[in-house]
Amino acid sequence: MRILNLNSTLAKYAGTWDKSAALHLLRRCLFGVSQTELAESVAGGMDYTIDRLFQARDLQQLPQVYLNNDVLPIGSVWIDQPYDQQSNNGRIRSFQSWWVQQMLQNTFSIHEKMILFWHNHFVIESAVVRDSRALFDYYKILNENALGNFREFAKVITISPAMLRYLDGQSNVNTSPNENYARELFELFTIGKGSQIGEGNYTYYTEQDVFSAARVLTGWRFNNQDLSVSFRPNLHDTNEKIFSDAFDNHVINNNGDQEYIELIDMIFSKEETAKHLARKLYRWFVYYQIDETIEMNIIKPLADKIIQDDYEIVGALKMLLKSEHFYEQELRGSMVKSPADFSNGLFRTSMDQLTDNLSVQAKYAHFLYYLNVNALLQMEISSPPQVAGWQAYYQEPAYYRNWANSVTIPLRKQLTDQVASESGILRGGFRSRLRVIDLVENCSTSDNVREVVKELSILFLPKALSQVQEDYLVQALIPGIPEYEWGNQWRTLQNDPSDTNLRMAIENKLYAFFRALFSLPEFQLG
Amino acid sequence: MNRRNFIKRSAPWLSLPLLLDAMPIFAAKPERALDRLNRLALEEDKILVLVQLNGGNDGLNTIIPLDQYSAYQSARANIALPEQSVLKLTNQTGIHPAMQSFHNLYNEGKLGILQSVSYPNPNFSHFRATDIWTSGSESDEVESSGWLGRFLNYYHPEFPDNYPNEEFKDPLALTIGSVVSQTCQGPVSNMGLAVSSDEFYFPYQPPAEDEIPDGHYGAELEFMKTIMRQTNQYADGIQAAFNKADTLSPDYPQSRLAEQLKIVARLINGGIQTRIFVVNIGGFDTHANQVVAGNTTTGTHANLLGDIADSVSAFMDDLKRMGVEDQVLGMTFSEFGRRIRSNNSSGTDHGAAAPLFVFGTKVNPIVHGANPIIPANPAQNESVEMQYDYRDIYATLLQDWLGADESLVTQIFDRSFQHLPIINTITNIEDSVFANGNWLGQNFPNPAVRSTSIKVFSNKRDLAVLSLFDNNGRQIAVLLNKEIEKGEKVILVDTSSLLPGIYHYKLNLGGMQLSKSMIVKK
């Protein structure tokens with residue numbers, strides 16, 4: 001097998017805008033794709049769809065108490081309530097479940113996918129932060145900055161309560177600088193680590209820079225009572241901080257609570273910081289392999305655009321998503337679905353949705369279920385394995401392939417077998433199953449078995465079916481039955497929707513079809 | 001017979017890479033050998049278990065330099081362990097009191113400690129340092145495959161094509177958990193699989209579809225097909241091995257590490273062919289509050305160390321009850337140690353060298369190397385200096401335990417290596433001399449440079465006298481002169497002051513005299 005050499009650039013895509021192109025864009029920007037979103041995008045065209053994805057959105061609902069061991073009644077919004085030890089753990093679960101809700105009920109917007117991107121970038125772990133209010137505050141920061149200015153975002157997150165606690169900023173004081181945050185600020189959050197070219201010299205920064213930056217950041221504290229952040233001059237290192245020649249031997253003189261701004265501006269004055277972000281965006285939205293050609297044709301121009309826009313990221317992001325490179329045939333379906341894409345996407349686009357009249361407990365039982373499923377699949381929201389985020393986005397050489405192994409793939413299969421069955425997911429008295437009848441009804445030719453199989457497969461698989469696969473799936477749907485029988489049965493049901501026996505018979509056939517469809521290796525790719 | 005010569009002569013061995021040592025280890029215990037024959041898959045295989053400590057373990061609070069206690073105490077006053085609390089391994093060196101069960105293992109001759117392990121030009125980033133430790137690369141070299149991955153790939157260059165097969169029915173390596181180990185990453189695909197619990201669920205009958213398109217999409221699709229096929233094909237064997245055996249030791253603590261090791265023990269006892277296992281324990285990145293203030297023997301770090309010691313000891317006990325103890329060798333590793341000086345948050349920042357543990361009945365049960373030097377007033381960013389290069393340890397394990405020859409080991413690490421006396425390779429009882437059920441073993445390592453160890457076995461509680469003579473018959477030292485318990489005893493001999501040459505050691509035990517010779521080199 002040959003790996004092709006991609007020479008395409010960021011020039012605007014001028015190829016065919018069809019279901020395949022639209023699905024590729026939507027899969028990378030949303031969690032799963034619904035039939036209506038697909039139809040709207042195909043009809044609207046690329047520019048329309050991208051504008052639609054970048055429309056502003058409002059936060060819907062807020063995290064609620066769903067357990068009765070909280071001091072507040074079930075259903076209360078707890079985010080602005082005082083810290084309560086007894087209630088805190090439950091509220092952290094409420095926060096995590098609520099975050100999953102944002103993905104499960106994502107609107108037609110790239111916003112939530114970008115929040116997850118930033119979560120994987122400016123990482124925190126809830127088990128270390130341990131304060132539900134600080135966690136919600138962290139989400140709010142991601143939400144407000146997700147499509148904003150990278151440099152200003154870095155400033156906000158540096159002195160946020162969650163980050164001060166997560167990377168020990170809270171104990172970073174003049175008498176004993178704690179360099180935990182400073183190190184990650186360079187290595188992961190901004191400029192990135194180059195190769196080690198000398199003792200303590202990582203090309204773009206040095207150990208000296210880490211130490212100087214730690215001293216710049218001494219004195220920032222947050223108050224456990226009310227979460228307010230303050231600068232304590234008496235805990236701040238007032239001596240001058242000298243940086244290496246990687247930063248032109250820049251010196252930050254004593255300037256109290258303004259020093260961190262100068263520090264971040266200094267790091268962002270280097271082109272490498274924009275390149276580091278460009279590579280991360282590329283790995284998030286396109287593919288993990290970055291060779292010299294990609295570096296030259298994509299990363300460099302993307303970084304130039306980011307710098308030209310003074311670190312506003314939307315311009316560069318739209319440029320990438322509209323590029324001829326993005327729509328390369330061999331890049332479509334080249335990503336092993338993350339657990340969030342896999343399970344949240346499955347729910348969002350093809351399962352019975354949670355109705356408004358459900359109780360808070362019932363809703364949270366479902367959110368919690370997906371939270372736990374994602375955790376089993378190695379992607380627990382607000383709890384990445386480490387400060388570098390999830391392995392899939394940095395660990396050479398496997399990258400996305402880290403999601404799939406002999407444990408997680410069988411678990412994925414268990415989930416799809418369950419949602420595509422009579423039992424579905426029963427939580428809090430509400431049963432959520434694959435909306436099999438709806439999915440067929442939304443097809444353009446519902447009474448032709450081969451058309452149904454092909455159309456539904458396009459929705460869930462990256463490429464059109466081969467003849468062998470198509471035959472296999474037709475057999476999975478109507479084993480040993482003449483193909484015209486499907487049309488007869490379907491039309492009969494249309495004429496008499498109250499025929500529950502027939503409805504169940506068709507549903508069961510469709511469940512079997514979807515179990516087979518979801519078992520294809522192609523379904524794991526997006 | 002020299003094992004490496006044996007290997008060279010037996011060409012077919014190349015296709016049986018992990019069925020290593022054909023010599024009967026248990027010749028002296030025929031009843032065990034018979035039992036073992038009944039467990040076909042096990043035969044004489046050696047098993048390596050890696051315990052990865054994620055986050056960078058604080059070595060100075062794990063193995064404590066008692067000979068420099070005051071310097072240690074003043075460098076890290078807020079987290080230093082009280083001198084009396086430290087469990088002594090030797091007069092100079094002690095172990096954290098939470099590791100009581102490791103102290104016991106050490107006394108039983110089943111635990112070795114290598115001091116100050118690292119590599120030149122250490123890296124302080126978790127991710128880069130982990131990559132270095134898992135790949136076996138130089139500090140400034142980016143190598144994306146793992147050291148065990150390259151080892152396995154040498155013998156299984158076609159993997160995963162045509163695996164599993166008649167000869168290799170089980171995975172070549174297994175990670176316990178839901179992520180495959182980077183250590184087993186081969187040049188092309190990961191040579192190992194992951195298993196997580198006793199539920200191995202299996203699933204797929206996708207239609208035959210051999211056409212894989214070119215390009216990135218095709219590459220990912222091929223990967224996905226391979227994972228699914230492997231999962232299906234290996235599942236039954238793993239499940240069968242797991243179901244065949246049960247946990248036998250009551251000593252396992254309640255912990256994730258213990259759960260992982262339980263699975264490893266059951267799979268081994270169930271006869272799985274897999275020779276390499278990787279387990280993990282996280283939480284070692286102790287920048288803050290690694291001890292409880294004012295009670296420094298307790299807290300986060302103590303809990304972690306206690307978990308390792310208790311889980312590994314229970315694992316060893318489990319293996320012993322299963323009768324497979326001698327086949328298993330384990331090693332801990334972590335991406336780096338921590339600074340000599342603690343910080344003001346009762347924690348420690350990223351450092352360099354740190355000790356690692358090797359465990360098993362075949363380890364050389366000593367403290368290798370000297371205590372790290374602790375300066376009177378260390379700088380805030382000062383780390384422990386390296387004594388052992390981690391690749392020399394890997395290389396020795398590959399050579400002495402997994403049977404790779406020197407040229408292969410050199411190829412895997414792309415450097416020559418220094419062989420270390422970590423493993424007692426004298427497994428062949430024929431190298432020992434017997435009388436009345438007592439025996440005297442060949443010293444290890446032989447030739448000796450700085451030190452060597454001699455094994456003595458007594459069939460009852462008895463007075464044993466072991467003496468050392470030079471080649472002219474002059475007695476140089478009495479190595480042992482006391483009553484010893486029934487069983488095996490290891491005597492450590494300091495040979496650093498001896499002139500190079502041939503020496504003889506004689507054991508008077510049970511009214512008989514046994515003697516053997518050894519070589520001392522500079």
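Trainee: In this predicted model, how many residues does the contact take from chain B and how many from chain A?

Mentor: The model is a predicted one, and residues from both chains enter the contact. Chain A contributes 56 residues, and chain B contributes 53.

Trainee: Which element gives the most to the side of chain B that touches chain A?

Mentor: On that side of chain B, at least two residues each come from α5 (126-135), β7 (192-195) and α7 (215-244). By class, the residues of this side divide into 23 nonpolar, 21 polar and nine charged. With 16 residues, the element that gives the most is α7(B).

Trainee: Why is one side of β2 and of β3 in chain B left without a neighbour in the sheet?

Mentor: The open sheet of chain B has three strands in the order β2-β4-β3, with antiparallel pairing. Between β3(B) and β4 (residues 93-95) there are two bridges, and B:Leu87 stands opposite B:Ile95 in β4(B). One side of β2 (63-65) and of β3 (87-88) in chain B lacks a neighbour because these strands stand at the edges, each with a single partner strand.

Trainee: At roughly what angle do the axes of α10 and α11 of chain B cross?

Mentor: B:Arg391, B:Ala395, B:Leu398 and B:Gln399 of α10(B) meet B:Glu406, B:Val409, B:Ile412 and B:Phe413 of α11(B). This contact of α10(B) with α11(B) has five nonpolar, one polar and two charged residues. The crossing of α10(B) and α11(B) is right-handed. The axes of α10 (residues 390-401) and α11 (residues 406-413) of chain B come within 10 Å, and they cross at roughly 145°.

Definitions and conventions: Residues numbered from 1 in each chain as written. Chains lettered and ligands numbered in written order. Predicted model: local features only at pLDDT ≥ 70, side-chain atom pairs only at ≥ 80, totals over all residues. Pairing = 2+ DSSP bridges. Helix = DSSP H or I, 4+ residues; strand = E, 2+ residues; numbered from the N terminus. Axes fitted to C-alpha atoms, helices over the stretch in contact; angles between N-to-C directions. Left-handed = near helix turned anticlockwise from the far one by under 90°. Contact = placed C-beta atoms within 7 Å. Nonpolar A, V, L, I, M, F, W, Y, C, P; charged D, E, K, R; others polar.
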